[in-house]
Amino acid sequence: MTTSTVTTADSGARMWTLPRRPASVPAARHLVDGLLQTWKCPLDTVEIALLVVTELLTNAVQHADGPRIICNVSLAPGVLMLSVTDTGNRSDDDVAATSTTEPAALEEDGRGLAIVTALATDWGTHSTPSGHEVWARFAS
């Protein structure tokens, strides 16, 4: 698997570019876990962040059109920020509608953004010049 990593000068942010395929989800999860451990984030924050980044990446793999996914993680005093950018074809309105639609009780899919809503302090979406970004913020 090919990934590229960008580190900011202050070491408070990382960005990984991954291929849009299912194997990128556990790979990114491993990268984010290692980073949060290095930053000495509390274990509960790490566990929540890993669940959310897994959901965001899975959505990008399933719904995007382009060949790449970008995973960003940043840490500022008291705030952990995660985002996943893709070249998907879903609009911000499509993502917002997905988060408010309850899946049927026995469906296997459809709960990702409900999980993000329950776990993140705040989250949102916006279109970018290259695609679509979903972000989540956490108190750390």
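Which residue in strand 3 does leucine 18 stand opposite? The residue opposite leucine 18 is isoleucine 69. The structure shown above is a predicted model. Its protein chain contains 4 helices and 6 strands, and these elements follow one another along the sequence in the pattern β-β-α-α-β-β-α-α-β-β. The points below begin with the chain as a whole and then turn to the strands, the salt bridge and two individual residues.

**The chain as a whole**

- The protein chain has 140 residues, of which 39% are buried.
- About 7,400 Å² of the protein chain is exposed, and carbon and sulfur atoms supply 55% of that area.
- Among the contacts in the protein chain with a separation of 6 or more, 56% are made by residues that stand 24 or more positions apart.

**Strands 2, 3 and 4**

- Strand 2 covers residues 13-19 and strand 3 covers residues 68-76; the two strands pair in the antiparallel sense, with 7 bridges between them.
- Leucine 18 and isoleucine 69, named in the opening, stand opposite each other, with isoleucine 69 in strand 3.
- Strand 3 also pairs with strand 4, which spans residues 79-86; this pairing is antiparallel and has 7 bridges.
- Alanine 76 has valine 79, in strand 4, as its bridge partner.
- Strand 3 and strand 4 form a hairpin with 2 residues between the strands.
- In this hairpin, glycine 78 adopts a positive phi near 80°.

**Strands 5 and 6 and the salt bridge**

- Strand 5 and strand 6 run antiparallel and are joined by 7 bridges.
- The connection from strand 5 to strand 6 is a hairpin that passes through 2 residues.
- Aspartate 122 has arginine 137, in strand 6, as its bridge partner.
- How many salt bridges does a search of the whole structure find? The search finds 1 salt bridge.
- The salt bridge links arginine 137 with aspartate 122, and the closest N and O atoms of the pair are 3.0 Å apart.
- Because arginine 137 belongs to strand 6 (residues 131-139) and aspartate 122 to strand 5 (residues 122-128), the pair ties together parts that are 15 residues apart in sequence.
- Are the two partners buried, partly exposed or exposed? Arginine 137 has a relative accessibility of 29% and therefore counts as partly exposed.
- Aspartate 122 has a relative accessible area of 34%, so this residue is partly exposed as well.

**Lysine 40, between two helices**

- Where does lysine 40 lie? Lysine 40 is found in the loop between helix 1 (24-38) and helix 2 (43-63).
- The phi angle of lysine 40 is near 60°, which is a positive value in a residue other than glycine.
- Lysine 40 is exposed, because its relative accessible area is 71% and the cut-off for an exposed residue is over 50%.

**Histidine 30, in helix 1**

- Histidine 30 is located in helix 1.
- With a relative accessibility of 60%, histidine 30 counts as exposed.
- How far apart in space are histidine 30 and leucine 50, C-alpha to C-alpha? The distance between these C-alpha atoms is 8.7 Å, while the two residues are 20 residues apart in sequence.

Notes
Residues numbered from 1 in each chain as written. Predicted model: local features only at pLDDT ≥ 70, side-chain atom pairs only at ≥ 80, totals over all residues. Heavy atoms only, no water. Salt bridge = Lys/Arg side-chain N within 4 Å of Asp/Glu carboxyl O. Buried < 20%, exposed > 50% of the residue type's maximum accessible area, 1.4 Å probe, protein only. Pairing = 2+ DSSP bridges. Contact = heavy atoms within 4.5 Å. Areas by Shrake-Rupley, 256 points an atom, 1.4 Å probe, with all protein chains shown as cover.
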